[in-house]
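Q: Please give a close account of the second largest pocket in this structure, and set it in the context of the chain around it. Please also cover the enclosed space, the cysteines and the packing of one helix.

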Amino acid sequence: MANVAVIGAQWGDEGKGKLVDWLSERADVIVRFQGGHNAGHTLVVDGTVYKLHALPSGVVREGKISVIGNGVVLDPWHLVKEIESIRAQGVTITPDTLMIAENAPLILPFHGELDRAREDQAAVAKIGTTGRGIGPAYEDKVGRRVIRVADLADEETLAGRVDRALVHHNALRRGLGLEEIDREALLAELRTIAPQILPYARPVWKELDAAKRQGKRILFEGAQGALLDIDFGTYPFVTSSNVIAGQAATGSGLGPDAVHFVLGIVKAYTTRVGEGPFPTELHDEDGERLGTRGHEFGTTTGRKRRCGWFDACLVRQTAAISGMHGIALTKLDVLDGFETLKICVGYDLDGTRLDYLPTASEAQARCVPVYEEMPGWSESTEGARSWAELPAGAIKYVRRVEELIGCPVALLSTSPERDDTILVTDPFRD
């Protein structure tokens with residue numbers, strides 16, 4: 001049996017939550033390996049809607065172990081509130097079902113304040129962050145001044161870590177016109193939250209190694225999408241972590257040989273939240289129709305998503321960079337009723353034809369999509385659970401997507417409901 005890494009293959013919001021939840025029925029352990037609570041996953045289970053941000057999607061499944069890995073930056077106050085919220089919906093969450101890596105970095109209140117202050121600087125182009133402090137926390141991790149989960153257990157270590165962080169942050173805050181951080185108040189907050197977080201703390205790398213040796217199936221859950229990757233995304237309009245499949249290893253503590261199947265979640269059209277280039281973005285009735293039918297509003301921010309036609313060039317790139325073995329195509333039902341569908345098969349950059357998105361942001365902004373048109377279908381695909389239930393036009397569209405991105409469809413999702421999923425290839429079978 002194989003272990004599976006799930007990543008978003010576009011700009012996020014591809015429907016990873018539902019697919020991870022669906023796959024977690026076949027897994028024993030579900031691991032979040034990057035990102036923070038800026039990424040929202042919406043699950044619909046038997047009519048009940050669960051909105052998750054920091055918790056792995058597997059928490060709604062009984063008998064599964066959920067893990068927050070070291071690659072995640074964790075806001076402990078948010079996590080406690082989220083646990084309480086999900087418990088109130090009848091889900092059991094205890095230290096027996098949830099583990100947090102001892103070396104996971106913490107997002108502190110001043111990280112969010114810094115994030116928002118930077119975005120508010122009128123003279124600087126906005127990145128479009130959620131203002132949750134994700135980027136500043138990753139900066140502190142790389143700068144070797146972050147406070148980690150394990151530090152909460154030792155008063156002397158914690159005080160020293162706080163002092164080191166404040167030397168840096170108070171200087172920044174003075175430059176931004178913000179009040180300096182109250183050291184004692186911050187330490188008091190950390191002392192209060194510590195006993196609510198520490199019971200979940202584990203040497204996650206060791207626990208996962210044991211699970212691997214015991215033959216347990218591990219599902220690695222990514223957040224956001226590969227086009228937001230700090231190295232391979234549309235920089236600088238990206239997140240602050242590596243989102244691609246390689247991060248599953250470094251963000252969990254298991255070696256790369258632990259990932260046997262990389263599943264890319266791909267929306268049947270394209271969306272993006274926030275700033276940055278978007279070659280196939282639509283500003284017409286078709287774009288509005290996609291947004292309305294797809295309920296395209298961010299789980300975390302509530303922001304309206306930008307919508308456009310499917311971009312095969314972008315997904316082909318992310319498939320190569322992440323070594324995807326198959327894709328899960330979602331929201332096919334949103335395309336029902338379109339007379340004509342378009343797929344981006346290349347770009348025109350100042351008269352030169354490209355089959356990939358260039359690295360320079362200025363060049364990305366000038367890329368004009370080259371489209372291939374296909375006839376749509378009038379029948380409904382919503383709720384289909386087999387190929388036989390799909391219209392011929394929808395099958396042709398799916399097959400053309402496979403050809404253009406060079407990666408087969410392993411799963412097909414036809415509604416937000418967990419069981420409205422067509423299984424073509426089981427990723428857990430090696």
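A: In this predicted model, buried residues account for 57% of the 430 residues in the protein chain. The chain contains 12 helices and 18 strands. Its radius of gyration is 22 Å, close to the 22 Å that the globule rule gives for 430 residues, so the chain is as compact as a globular protein of that length. Along the principal axes, the C-alpha atoms fill a box of roughly 65 × 55 × 35 Å. If one takes the contacts between residues at least 6 apart in sequence, 76% of them join residues at least 24 apart.

The second largest pocket has a volume of about 750 Å³. Its lining consists of 30 residues, of which T42, G294, H295, K331 and P416 are the closest to the centre. Divided by class, this lining holds 13 polar, 12 charged and 5 nonpolar residues. Two elements that each supply at least two lining residues are α1, residues 16–24, and β3, residues 41–45. The largest share, 4 residues, comes from α1.

The loop that joins β1 (4–8) to α1 includes G12. With a relative accessible area of 3%, G12 falls under the 20% limit and is therefore buried. Leaving aside residues up to four places away in sequence, G12 touches Q224, G225 and T271. A further long-range relation involves V315, which lies 303 residues from G12 along the chain, while the two C-alpha atoms are separated by 12 Å.

The enclosed space is a separate matter from the pocket. The count of cavities of 30 Å³ or more comes to 1, and the largest cavity has a volume of about 30 Å³. The residues that line the largest cavity are G36, H37, A54, V72, V73, L74, D75 and H78. By class, the lining of this cavity divides into 4 nonpolar, 3 polar and 1 charged.

The cysteines can be treated next. A search of the whole structure finds 0 disulfides. A disulfide is a covalent bond between the sulfur atoms of two cysteines. For C307, the closest cysteine sulfur is that of C344, and it is 16 Å away, which is too far for a bond. C307 counts as buried, because its relative accessibility is 5% and the limit is 20%. C344 is likewise in no disulfide, since its nearest cysteine sulfur, in C313, is 4.7 Å away and the pair would have to lie within 2.5 Å. C344 is buried as well, with a relative accessible area of 0%.

The final element is helix α3, which spans residues 109–119. Its buried residues are F110, H111, G112, L114, D115, A117 and E119. An α-helix has 3.6 residues a turn, so residues three or four places apart point the same way. The cover over the buried residues of α3 includes three other helices, namely α4 (134–142), α5 (155–176) and α6 (183–197).

To return to the pocket, its lining of 30 residues includes 13 polar and 12 charged members, with α1 as the source of the largest share.

Methods:
Residues are numbered from 1 along each chain as its sequence is written. This is a predicted model: local features need pLDDT of at least 70, side-chain atom pairs count only at pLDDT 80 or more; totals for chains, interfaces and linings use all residues. Side-chain values use heavy atoms; hydrogens and water are left out. On a 1 Å grid over the protein atoms alone, a cavity is a set of points where a 1.4 Å probe fits but cannot get out, and a pocket is an open set with protein on both sides within 12 Å along at least five of seven lines; lining residues have an atom within 4 Å of a point. Grid points are joined across faces, edges and corners, and a volume is the space filled by probe spheres set on the points. Ala, Val, Leu, Ile, Met, Phe, Trp, Tyr, Cys and Pro count as nonpolar, Asp, Glu, Lys and Arg as charged, and the others, Gly among them, as polar. Buried means under 20% relative accessible area, exposed over 50%, partly exposed in between (1.4 Å probe, protein chains only). Contact means heavy atoms within 4.5 Å. The radius of gyration is taken over C-alpha atoms; the globule rule is 2.2 Å times the number of residues to the power 0.38.
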